[in-house]
Amino acid sequence: MIEVLDGEGTPSGDGSSGGPTFHVRTDHTSWVIAVTRFGHLEQIHYGDRVSGLGEHGTLPLRHRATHPPGMAVAYDESRDPAYCLDGLALAWSGLGKGDFREPALEIRMPDGSFVTDLTYRSHRVSAGTVPCLDGLPGALDPDGRASSLIITLADEVGGLECDLVVTTHPGVDVITRRTVLRVVGTEGVSVRRLMSQLTDLPDLGFDLITFDGAWIAEGHRHRRPLAPGLYVNNSLTGDSSNRHNPGVLLAERHASEAHGAVYGFNLVYSGSHFTGVEQTAHGLVRVLSGINPTGFEWRLEPGERFETPEAVMTFSRNGFGGVSDQFHSFVARHVVRGEWADRERPVKLNTWESMFFDVDERTLRSMARSAARLGCELFVVDDGWFGTGSSARTDDRRGLGDWVVDPATFPDGLRPLAEHVTGLGMMFGLWFEPEMVNPDSDLFRAHPDWVIRVPGREPSRGRHQLVLDLGRDDVRDHLVERIGAVLDSAPIGYVKWDMNRHLSDVGSSRFAAGEVAHRRVLGLYDLLRRIFEPRPHILLETCSSGGNRFDLGMLCFGPQIWTSDNTDPIERIDIQLGLSHLYPQSTMGAHVSAAPHFQTLRQTPLSTRFNVAALGILGYELDPRDLDPAERREVARQIRFYKEHRRTLQFGRFLRHDPGARPEQHDVTIVAPDQRHAVHAHLQTRVHAAQPGDRIPLRGLDPELTYRVRTRAQTLDIRAFGHLLGYLLPKRIKPTGMLVRTAAKVYRRPDAGDDYTATGATLLAGTSIEDQFVGQEPTARTRLHGDHGSTLTTITAVDTEPAA
């Protein structure tokens, strides 16, 4: 869906003095750029789909300068004194020719200057996507609707050519862009900055929304008014980072979940990234994104090229939810690939928080039997299974890099345990951290030059480990051989791929320092391809101390990412809802853990731990043998519920709701594509005295259908009521006594809930739910939520109700 027009907006080929105009379309959006008379790329429009450009021209959309801005530098004063790059909306711009905004490239030229002037030379249009050339992943074209535009720019003086590769994915309203720079002259250049995309937009009074945080606090949504100057959303850690996710949004000031103009930008890259958003003095906002230029320098000699990661952009008039819909569809259909792309993911039991490094086969077998009885489908052995002798992995100070099964722990290897697990009807999974090495390891002692470090300097350590130089072929060859041998030694169906520190001391015994970090990312992608493409049955979940590398690049290799090391559901609400602006719930690993939680010491109900985890890929991070009989029954019911509604929960349309008057309450509706089934989550982080009745907002239902509305049956730990039990029973009892402790092992109080039918139109008008406890004597219909209470409600068309 790419149309080429001439400079006046009529079909190209009439020899007009201006260059061609390109109309790149999706089903609902248009991106229109034109070659100016001086060969620069003017951005005319990006937003709602426009029509009739071939018949009526682009004049209403174009910037029509009659005089230059004050203090402006005219590009060519003799030919057009009003033509000034600093006042134009551009789709690409360099440094040194009068555009004083943030540049898309910075190159030390053969003459020693940094001046570049890349102007239009040619273009071509092709069906489908244009494959990435240098090992970077890119979006797929599964429906065969993509088309691509390659615009070639040239700097004749500097001996450079630059391809701007633009691909439209019409069905998801996404456009991708990337840059390929070539040296065609006789002298080399040093590339210090090369962005993947540059977009200039009219200033609509935007808010900028970023997703920021730290370890165990990733992806928190921050919204602030855009002000004059440059705002940078970036990472300098060597990965996409838990500090600032690569995805950003620009929204009209009044935009909500369902209304208002919103632009979204993201990057298919797993290294240090950069997105600059600059509000200028001339009524424009510039957005540019790509590899972080800090510490980056890439030498290109004659005949060589450099290719950037793919940038992603989208627009919706339907608010944040509209952009999320488009990003989610893009990720699910064009990014995630392989056997697990559209396949329901198993419920897993992970051993980390219950065992840490204290791993032994007998305990693992016992835990696996308990997990299978609960209904788990995947059993994952986390850290602590590898290394030998004094370097065996008994803590985080040793063994990392020695990918051999510890013979002291598993004398017959992993196969007996794996076959025991698969014999119970579950998949068997294993944890790795291949990108790192402990100095106390056989690998480091044999190859101390394999780590990233500056020669002559003692490298700093993070979590007692160093980073392997994955740009080196020999390092990758070793890892492919060792990890492949482990994976082929037993029936392993899942891998958790971790990475637990940032880059420092960036240098190499083999590569120039400015190239090391990017070569490491390219090496990581090569490593993932070589290990997992021959083993497509393996479900890969990537991780980096949780969400330190939650990005589109990693999702090209594994369909899900461990969202955060924080398993406290109250914290997870902000983390998962924040990241849901950019990524679908099918990419988010989410676990039920024991409480109080390691990360916060907060005590939360078992029901809420599940209700939040069910909004992602469900797992359990606890020892199932520690559950009492009542808790085991509750967990088994949770897993049965999740399996019954898994298709909708994992792959349905994920709809957040505006907070309204109660910011302590969060509502999410996940709706099946056919609108005949939905699950609604009502989540509360704090209760207030004398709280009025609650209403849950709903969207996405078919107003013509009739639905049955049922609250998921859940139970509450009677010990949580303490001395208040005396008000519920005919006789006072000691709340900490033996009677209560014994009863709690076998009995949990049922929570209140709904079961009724109504039309979709009625439900969309606003749905009330039973009152919460407000200090009066509760009845069987009273919701006893308190702080951290929650419910899940199923909404099912009456003729398609799943079996209970």
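## Helices and cores in a predicted model

Helix α11 passes helix α12 in a right-handed crossing, a term used when the near helix is turned clockwise from the far one by less than a right angle, whereas an anticlockwise turn makes a crossing left-handed. Helices here are DSSP runs of H or I with at least four residues, and strands are runs of E with at least two, both numbered from the N terminus. The model is predicted, so local features need pLDDT of at least 70 and side-chain atom pairs count only at pLDDT 80 or more, while totals for chains, interfaces and linings use all residues. Residues are numbered from 1 along each chain as its sequence is written, and side-chain values use heavy atoms, with hydrogens and water left out.

The axes of α11 (residues 606-613) and α12 (residues 629-644) come within 11 Å and cross at roughly 20°; they are therefore roughly parallel to each other, a label for angles under 35 degrees. Residues L606, S607 and F610 of α11 make the contact (heavy atoms within 4.5 Å), together with E631, E634, V635, Q638, F641 and Y642 of α12.

Two of these residues, F610 and V635, are also among the contacts of Y620, counted without its neighbours within four places in sequence. Y620 is itself listed, with W92, L250, F379 and W385, as having the most contacts inside the largest nonpolar core, which has 182 residues. Such a core is a set of buried Ala, Val, Leu, Ile, Met, Phe, Trp, Tyr and Cys residues joined through side-chain atoms within 4.5 Å, and buried means under 20% relative accessible area with a 1.4 Å probe, protein chains only. Apart from this core lies another, of 12 residues, among them V671, A678, L698 and A797.

Helix α10 (residues 569-579) is largely enclosed by the rest of the structure, because 9 of its 11 residues are buried, including P569, I570 and R572. At its N-terminal end D568 acts as a cap, with a side-chain oxygen 2.9 Å from the backbone nitrogen of I570.

The table sets out two buried residues, with contacts that leave aside neighbours up to four places away in sequence.

| Residue | Element | Relative accessibility | Contacts |
|---|---|---|---|
| S324 | α2 (residues 319-335) | 1% | S580, H581, R656 |
| G589 | β29 (residues 588-593) | 0% | E541, I561, W562, T563, R572, I617 |

R572, which is buried in α10, is thus one of the contacts of G589. G589 and K348 are 241 residues apart in sequence and 9.9 Å apart in space, C-alpha to C-alpha.

Methods. Buried means under 20% relative accessible area, exposed over 50%, partly exposed in between (1.4 Å probe, protein chains only). A polar contact is a pair of N or O atoms within 3.5 Å; within protein, one must be able to donate a hydrogen and the other to accept it, and residues adjacent in sequence count only if both atoms are side-chain atoms. Axes are lines fitted to C-alpha atoms, for helices over the stretch in contact, and angles run from 0 to 180 degrees between N-to-C directions. Angles under 35 degrees count as roughly parallel, over 145 as roughly antiparallel, 65 to 115 as roughly perpendicular and the rest as oblique.
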